[in-house]
Amino acid sequence: MSFRSFLYISFCLPLLLAAGCKDDDYALPTPQSGLQNDAIKRTLGPNVIGLNIEFAYAMAILPDQGKLVSAQAEASIAGATGTYLEHRSFFTDPNGGIDTGVPVAEPSTTNGTTTSVTFNKDTSAATLRYFYRIPEEARGKTVNFTFSAKSSNGEAVSLSMGPYTISKMDMKLDMAATDAAACYISIEDMAVYTAAEATANPEKIDLVYLYRTPAGLTFNHALVAPAADPQYLPGVTLPAGVDRNTKIIKTWALRDRHLARLEFGIYIDDPDFEQKSFTDAPNFAVNLKKEAGAWVETADGKYRAYIFVNNVNNGSKTATISMKRYTMQ
Amino acid sequence: MKRHMKIIVAVLLAALAWAGCKKEHPVDEDGLLITNRAECYVSDFDLWGADHQTVRTKNPTIDTVACTINIEVFFGTDLRNLYPRFSLVTDAKLDPKIAGKTDFSDLANPRQYTVVSGNRQVRKTYTVLVSVQQ
């Protein structure tokens, strides 16, 4: 290769590359013929009993080929009461950006595992939300979904989604704990009891909530095991038989989305409970603030829980707590 | 063309030879740079709890002559699960290394950490004296 050829190629190659990188002009896509469908799962995080798994199921057919007749969602395990397929198609209102629903079908009916709607408007395209309320029967199992639609020209389409694992854990939101009143927390029952109630079920009490402001010390809101050193239970007279030694690990910035309902996309799932180490964990957690949390293991090792502090009130000596609980044995 | 190629090859070889002859900086057994600095002290110290929040009530008292660190922690601090955090003078390192949670609950036998200077010639052992807010 001569030096002149080398120069020629060196000049032409960048020009060729620049031309190759040019964007193509946009062209409207050609719609596919026949009835089409697609779906996405809208909910994130673990699938907890009692919560919804939400899907958006989209279906469409070219107007000159037909109209939508019906749509249905079938779950491998029947959903709990509250499962429904939306009968409205939503658009975003430009005035305020609010999702606005336009009814396109009769309200859905559920028969066993199948939830369906029948369109009652001339509709060629719709995206319907499907809310599957996770039933108790699905605990620890996997659930599959089949979405299907029919059009007036006799076509039918279907789409499978899943499998989705349903969590074993339970959840309880917004329990009110009050110092020297409803302050005895049971992980087993996921409840806060008064002294009288704790006396009736002392073997179920795992934690005591208290609020103290001793002079010169930082104590504030605390979760303490009944068996903890009395210095962490100042002024507390435990009901007879309340003596469990619960392990507690104080945590900060773990704002589980289910419990906190804040903007943080963090979810605690079954494996977090299984893998959490409670070796050398103390039996007290003092100076808890709003949005703090505590990992807890019951004395018998049967339950592990994560308690999130939604809110505290120093004046009324109260705290609002939410809990996720996992059964270990 | 041949002449050009010869020049390019010569330049490349010269560059390679220059890079190859450059003096290497000495590193220690941890792969850290050994420098000329002989300073050897702790400039700040903190303890974090299991929630990764500080547990100290105020700034610690660091005596760089007596080599002691006095730190007071909040009442109710779980002394068995603390994360020590040292700030050292430039280029210094710590021995033993901090590997994670550390037990500071044995107040009668306080933990000791040795600061090693940047030139790795000076070693000073600091004692961490923890007291709980009373």
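## Strand pairing in chain B

In chain B, strand β3 (residues 68–73) and strand β7 (residues 123–132) run parallel and are joined by six bridges; this description, like the rest of the report, concerns a predicted model. One residue pair that shows the register is B:Thr68, whose bridge partner in β7(B) is B:Thr127. Strand β7(B) is also joined by six bridges to strand β6 (residues 111–116) of chain B, and here the two strands run antiparallel. In that pairing, B:Arg111 has B:Val128 of β7(B) as its bridge partner.

Strands β6(B) and β7(B) form a hairpin with six residues between the strands, and within this hairpin B:Arg120 takes a positive phi near 65°. Strands of a sheet pair through backbone hydrogen bonds, either parallel or antiparallel.

## An open sheet in chain A

Chain A contains an open sheet of four strands, in the order β1-β2-β9-β4, with antiparallel pairing. Its edge strands are β1 (36–41) and β4 (84–85) of chain A, each of which pairs on one side only. The pairing of β1(A) with strand β2 (residues 52–60) of chain A is antiparallel and extends over six bridges, and in β2(A) the bridge partner of A:Lys41 is A:Phe55.

A salt bridge also involves this sheet: A:Glu54 pairs with A:Arg129, the closest N and O atoms being 3.5 Å apart. Because A:Glu54 lies in strand β2 of chain A and A:Arg129 in strand β9 (residues 125–133) of chain A, the pair ties together parts that are 75 residues apart in sequence. Over all chains, a search of the whole structure finds 26 salt bridges.

## The two domains of chain A

The domain assignment divides chain A into domain 1 (36–165) and domain 2 (170–327), and the centres of these two domains, taken over C-alpha atoms, are separated by 39 Å. Where the domains meet, six residues of domain 1 of chain A are in contact with seven residues of domain 2 of chain A. The area buried between the two domains of chain A is about 540 Å², with carbon and sulfur atoms giving 67% of this area.

Across this interface the rule finds one salt bridge, and the side chains of A:Arg139 and A:Asp170 meet in a salt bridge with an N to O distance of 2.7 Å. The count of residue pairs in polar contact between domain 1 and domain 2 of chain A is one, with both residues at pLDDT 80 or more. On the side of domain 1 of chain A that touches domain 2, the residues comprise four nonpolar, one polar and one charged by class.

## Surroundings of A:Met171

A:Met171 is found in strand β12 (residues 170–178) of chain A. Leaving aside neighbours within four places in sequence, A:Met171 is in contact with A:Val48, A:Leu51, A:Met190, A:His258, A:Leu259, A:Met323 and A:Lys324. Of these partners, A:Met323 is 152 residues from A:Met171 in sequence, while the C-alpha atoms of the two residues are 5.7 Å apart in space.

## The contact between chains A and B

The contact between the chains takes 17 residues from chain A and 14 residues from chain B. The area buried between chain A and chain B is about 1400 Å², of which 61% is given by carbon and sulfur atoms. The size of an interface is often given as the accessible area lost when the parts come together.

Between chain A and chain B the count is one salt bridge, and the side chains of B:Asp51 and A:Lys250 meet in a salt bridge with an N to O distance of 4.0 Å. Five residue pairs are counted in polar contact between the two chains, both residues of each pair being at pLDDT 80 or more. The elements that give two or more residues to the side of chain A that touches chain B are β17 (247–252) and β18 (284–288) of chain A, with β17(A) giving the most, namely four residues. By class, this side of chain A has 11 nonpolar, four polar and two charged residues.

## Backbone features

Two cis peptide bonds may be described, beginning with the bond from A:Gly162 to A:Pro163, for which omega is near 5°; A:Pro163 has its place in strand β11 (residues 156–165) of chain A. In chain B, a cis peptide bond joins B:Asp95 and B:Pro96, with omega about 0°, and B:Pro96 is found in the loop between β5 (93–95) and β6 of chain B.

A:Asn220, a residue other than glycine, has a positive phi near 55° and is found in strand β16 (residues 220–224) of chain A.

Key
Residues are numbered from 1 along each chain as its sequence is written. Chains are lettered from A and ligands numbered from 1 in the order in which they are written. This is a predicted model: local features need pLDDT of at least 70, side-chain atom pairs count only at pLDDT 80 or more; totals for chains, interfaces and linings use all residues. Side-chain values use heavy atoms; hydrogens and water are left out. Contact means heavy atoms within 4.5 Å. Buried area is the accessible area (1.4 Å probe) that two parts lose on being put together, summed over both. A polar contact is a pair of N or O atoms within 3.5 Å; within protein, one must be able to donate a hydrogen and the other to accept it, and residues adjacent in sequence count only if both atoms are side-chain atoms. Ala, Val, Leu, Ile, Met, Phe, Trp, Tyr, Cys and Pro count as nonpolar, Asp, Glu, Lys and Arg as charged, and the others, Gly among them, as polar. Domain bounds come from an automatic or database domain assignment. Two strands pair if DSSP finds at least two bridges between them.
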